[in-house]
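Biologist: Please put the model up, and then I will ask how each label was reached.

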Amino acid sequence: MAPNRVLSFDALVVGGGIAGLQSALDLADQGFQVAIVDKDASIGGKMIRLSKVFPTLDCASCITTPKMAAAAHHDNISLFTYCDIASLDRQMDVITAAVTQRPRYVDAQKCIGCRQCEYNCPVYVADDEQGGFSATKAISIPFSNAIPQTAVLDVENCMLCGKCATVCPTDAVDYFQQPETFVIQANTAILATGFDITPLINKQQYGNGNIPNVITALQMERLLAPHGPYNRVLRPSDGMEPDSIAYIQCAGSRDKSMGVSYCSRVCCMYAIKQAMLLSGSLPLADITIYYMDIRAFGKGYEQFYQNAKAMGIEFVKGKVASIAQGKNGSVALRYEAQNGEGVTTADHDLVVLSLGMIPGWNPRGVCPVSADSDQFIKTIQPKLAPTLTDMEGVFVAGAAAGPKDIVDTITESGAAAMEAAKYMERMSQSRKAVA
């Protein structure tokens with residue numbers, strides 16, 4: 001499809017998570033016109049899906065939602081959600097990005113977020129925003145504090161009954177909406193494409209995702225969230241309150257068999273955070289963390305780890321080799337304890353896998369920026385200027401350049417915005433000198 005419009009901005013930010021939002025706000029506050037392009041239907045990234053953050057145990061939504069609202073209402077920021085970057089290149093001194101707007105099958109200009117389509121839709125589907133533990137409708141707003149408050153229709157499950165179109169007060173539902181391609185031109189770009197987690201189905205020794213009471217850490221975040229699927233922590237297979245919960249560290253990191261030989265840095269800390277929250281939600285439950293090494297690398301992180309041990313959370317140094325279905329819905333772990341006990345087994349009601357971080361975006365064939373050996377975006381001066389890429393005028397921020405926690409992500413995002421602002425100032429002075 002040929003592009004039908006060209007939009008011009010000072011800066012393009014690819015990714016609307018906490019990294020992209022921070023970079024965009026820093027640039028916009030300096031007077032630059034910024035475009036945020038995000039693949040999700042709402043900005044906020046992974047952080048808005050979390051319950052609390054370590055080591056302060058502050059509410060994740062309380063930190064992220066104000067930044068989302070600030071970006072949405074900033075005069076110098078334009079949001080483009082539910083979009084894919086088809087190409088991003090540098091032509092002369094201009095960054096040119098071809099963007100494809102995926103169809104929501106809802107006119108974003110007409111939708112007023114009243115959710116009448118969602119309330120009246122008769123089709124229930126699994127809600128990925130709640131870890132798949134609860135249901136949502138085939139047409140819905142992604143979650144309560146999503147920005148923008150625009151519904152998305154799930155074409156895979158919609159049965160075309162016409163109910164949503166009938167009840168919509170603004171005639172926003174459009175079953176025939178097509179993808180739209182447009183071009184964004186900017187002086188600079190910041191890649192804040194974030195991360196994904198290693199797929200559970202690739203872990204044969206851990207059941208390939210087929211053991212009912214083995215869940216991921218992101219799913220546990222939803223169980224712990226105050227607006228989660230059950231409003232409390234329950235075992236997903238039968239709704240039982242678990243009496244014994246296990247965390248398996250390095251379930252998707254430091255594992256060459258999965259192609260992820262590096263440490264994902266944050267897994268130890270988010271497992272400890274969740275264990276502490278669980279000990280408050282289920283004070284009688286036994287919580288065990290099976291680990292290879294505890295890597296508490298940030299300010300206050302070691303004390304956070306020591307606090308968890310003082311709360312009675314058990315830490316077992318040993319690599320879990322395999323997981324199997326146990327009796328009465330339990331999960332049987334086989335591991336080698338490093339305290340001299342050797343190979344042993346243990347049963348738990350619920351098992352949480354601390355999966356690793358992998359890149360959220362692959363630039364190959366889309367953007368000439370280089371990826372490193374771990375497939376994250378390569379930085380050419382990681383010690384002195386960790387936001388510089390090998391593509392002039394293009395910078396990187398947050399987990400797009402490698403695994404990091406929220407504190408480092410926000411700090412690096414501010415640095416990326418400053419580098420982008422300095423670059424635009426140099427380009428402006430160069431143009432004036434030529435003129």
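Biologist: How is the lining of the second largest cavity divided by class?

Modeller: This is a predicted model, and in it that lining has five nonpolar, three polar and four charged residues. The charged class takes in Asp and Arg, and the lining includes Asp 293, Arg 254, Arg 265 and Arg 295.

Biologist: What makes the rest nonpolar or polar?

Modeller: Cys and Val count as nonpolar, and among the lining residues are Cys 250, Cys 263, Val 266, Cys 267 and Cys 268. Residues that are neither in the nonpolar nor in the charged list count as polar; Gln 249, Ser 253 and Ser 264 are lining residues of that kind.

Biologist: What is the volume of this second largest cavity, and what is that of the largest?

Modeller: The second largest has about 90 Å³ and the largest about 110 Å³. The structure holds four cavities of 30 Å³ or more.

Biologist: Which residues lie nearest the centre of the largest cavity?

Modeller: Cys 111, Cys 114, Arg 115, Cys 117 and Cys 168, out of 15 lining residues. By class, that lining divides into 11 nonpolar, three polar and one charged.

Biologist: Why is the pair of Phe 9 and Phe 80 called edge-to-face?

Modeller: The ring centres are 6.1 Å apart, and a pair needs centres within 6.5 Å, so the two rings count as a pair. Their planes stand at 80°; over 60 degrees is edge-to-face, so the label follows. The structure holds 10 aromatic pairs.

Biologist: Where in the chain do Phe 9 and Phe 80 lie?

Modeller: Phe 9 is in the loop between β1 (6-8) and β2, and Phe 80 is in strand β6. With their positions 71 residues apart, the pair links distant parts of the chain.

Biologist: What makes β6 an edge strand?

Modeller: An edge strand pairs on one side only, as β6 (77-80) and β24 (394-396) do. The open sheet has five strands in the order β6-β3-β2-β14-β24, with parallel pairing. From one strand to the next the twist averages 20°.

Biologist: How do you know that β2 and β3 pair?

Modeller: Pairing takes at least two bridges, and four join β2 (residues 11-14) to β3 (residues 34-37), so the two strands pair. They run parallel, and Leu 12 stands opposite Ala 35 in β3.

Biologist: Which helix packs on the sheet?

Modeller: Helix α8 (residues 406-434) does, touching β2, β14 (188-191) and β24. The direction of α8 makes about 165° with that of β14.

How values were computed. Residues numbered from 1 in each chain as written. Predicted model: local features only at pLDDT ≥ 70, side-chain atom pairs only at ≥ 80, totals over all residues. Heavy atoms only, no water. Axes fitted to C-alpha atoms, helices over the stretch in contact; angles between N-to-C directions. Contact = heavy atoms within 4.5 Å. 1 Å grid on protein atoms, 1.4 Å probe; cavity = no way out; pocket = protein on both sides within 12 Å on 5 of 7 lines; lining within 4 Å. Points joined across faces, edges and corners; volume = space filled by probe spheres on them. Phe/Tyr/Trp six-rings, centres within 6.5 Å; stacked < 30°, edge-to-face > 60°.
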